[in-house]
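Got your viewer open and a hand on the mouse? Let's take a walk along the chain, one selection at a time.

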Amino acid sequence: MKMYISDEKNGMDYTLINGVYLPNLVSTETNYEIGMWGQRHLRYIKQHRKAFYTSLLTNCKLNSYLHDVDIRANEMYDRLVKQLKEQQGVTEQLKSDDMMAWVQAMNSITNQAREIVYNEVIYMR
């Protein structure tokens with residue numbers, strides 16, 4: 001008997017142990033740290049896209065998928081904050097001249113960027 005076999009129908013590999021073929025169940029998924037955006041997207045797909053979530057989980061792709069979402073959302077958020085600051089004229093000079101106006105403007109900008117990221121990446125349809 002062969003030591004290792006592959007089943008073409010289900011794509012799984014098996015190893016012969018004590019005369020019985022047992023599936024190789026080693027997870028190939030990496031273990032990335034998932035940030036705020038990835039965790040929020042995870043909560044969303046668990047509640048609203050259950051089949052998609054189950055598919056990612058059973059194919060050992062959930063962690064890497066959430067990591068990609070987290071990176072994409074972080075990059076988008078940073079880019080949007082920078083662009084909105086330039087569009088609205090929020091500068092370091094404003095920060096030194098009128099701290100409260102700068103804080104209000106930055107709060108508005110971060111809220112706008114956060115909403116765009118939620119709609120475009122986190123709560124995608």
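Before the first click, a word on labels: helices (H or I, at least four residues) and strands (E, at least two) are DSSP runs, numbered from the N terminus. Two strands pair if DSSP finds at least two bridges between them. What you're looking at is a predicted model, where local features need pLDDT of at least 70 and side-chain atom pairs count only at pLDDT 80 or more, while totals for chains, interfaces and linings use all residues. Residues are numbered from 1 along each chain as its sequence is written, and side-chain values use heavy atoms, with hydrogens and water left out.

**Stop 1: the whole chain**

Show everything as a cartoon. You should find five helices and three strands, and from the N terminus on they run β-β-β-α-α-α-α-α. Now turn the model around: the C-alpha trace spans about 80 × 25 × 20 Å along its principal axes. The radius of gyration, taken over C-alpha atoms, is 23 Å. A compact globule of 125 residues would come out near 14 Å, by a rule of 2.2 Å times the number of residues to the power 0.38.

Switch on the surface if you like. The chain exposes about 9000 Å², and carbon and sulfur atoms supply 52% of that; the area comes from the Shrake-Rupley method with a 1.4 Å probe. How much of the chain is buried? Buried residues make up 29% of the 125, where buried means under 20% relative accessible area, exposed means over 50%, and partly exposed is in between (1.4 Å probe, protein chains only).

**Stop 2: the sheet**

Select residues 4-6, 13-17 and 20-23, which are strands S1 and S3 together with S2. They make an open sheet in the order S1-S2-S3, with antiparallel pairing. S1 and S3 stand at the edges with a single partner strand each, so one side of each is left without a neighbour in the sheet. From one strand to the next, the twist averages 35° (axes are lines fitted to C-alpha atoms, and angles run from 0 to 180 degrees between N-to-C directions). If you turn on hydrogen bonds, keep in mind that strands of a sheet pair through backbone hydrogen bonds, either parallel or antiparallel.

Start with S1 and S2, which pair over three bridges. Click Tyr4, and you'll see Thr15 of S2 standing opposite. The hairpin of these two strands has six residues between them, and Gly11 there takes a positive phi near 75°.

Slide over to S2 and S3, paired in the antiparallel sense over four bridges. Thr15 turns up again here, with Leu22 as its bridge partner in S3. Ile17 has Val20 as its partner in S3. This hairpin has two residues between its strands. Which residue in the turn has a positive phi? Pick Asn18: its phi is about 55°, although Asn18 is not a glycine. Asn18 is also exposed, with a relative accessible area of 78%.

**Stop 3: Tyr14**

Stay in strand S2 and select Tyr14. Buried or exposed? Tyr14 is buried, at a relative accessible area of 18%. It stands opposite Pro23 in S3. Tyr14 touches several residues (contact means heavy atoms within 4.5 Å), among them Met3, Ile5, Tyr21 and Leu22, not counting residues up to four places away in sequence. For a sense of distance, draw a line from the C-alpha of Tyr14 to that of Ile122: they are 108 residues apart along the chain and separated by 38 Å.

**Stop 4: into the helices**

Select Cys60, in the loop between helix H2 (50-58) and H3. Cys60 has a positive phi of about 55° although it is not a glycine, and it is partly exposed, with a relative accessible area of 27%.

Next, select residues 62-88 to light up helix H3. Its 27 residues reach 38 Å from first C-alpha to last, close to the 39 Å expected (1.5 Å times one less than the number of residues). Just after H3, Gly89 takes a positive phi of about 70°.

Last click: Ala105, in helix H5 (residues 99-122). Ala105 is buried, with a relative accessible area of 16%. The C-alpha atoms of Ala105 and Asp78 are separated by 16 Å, with these positions 27 residues apart along the chain.
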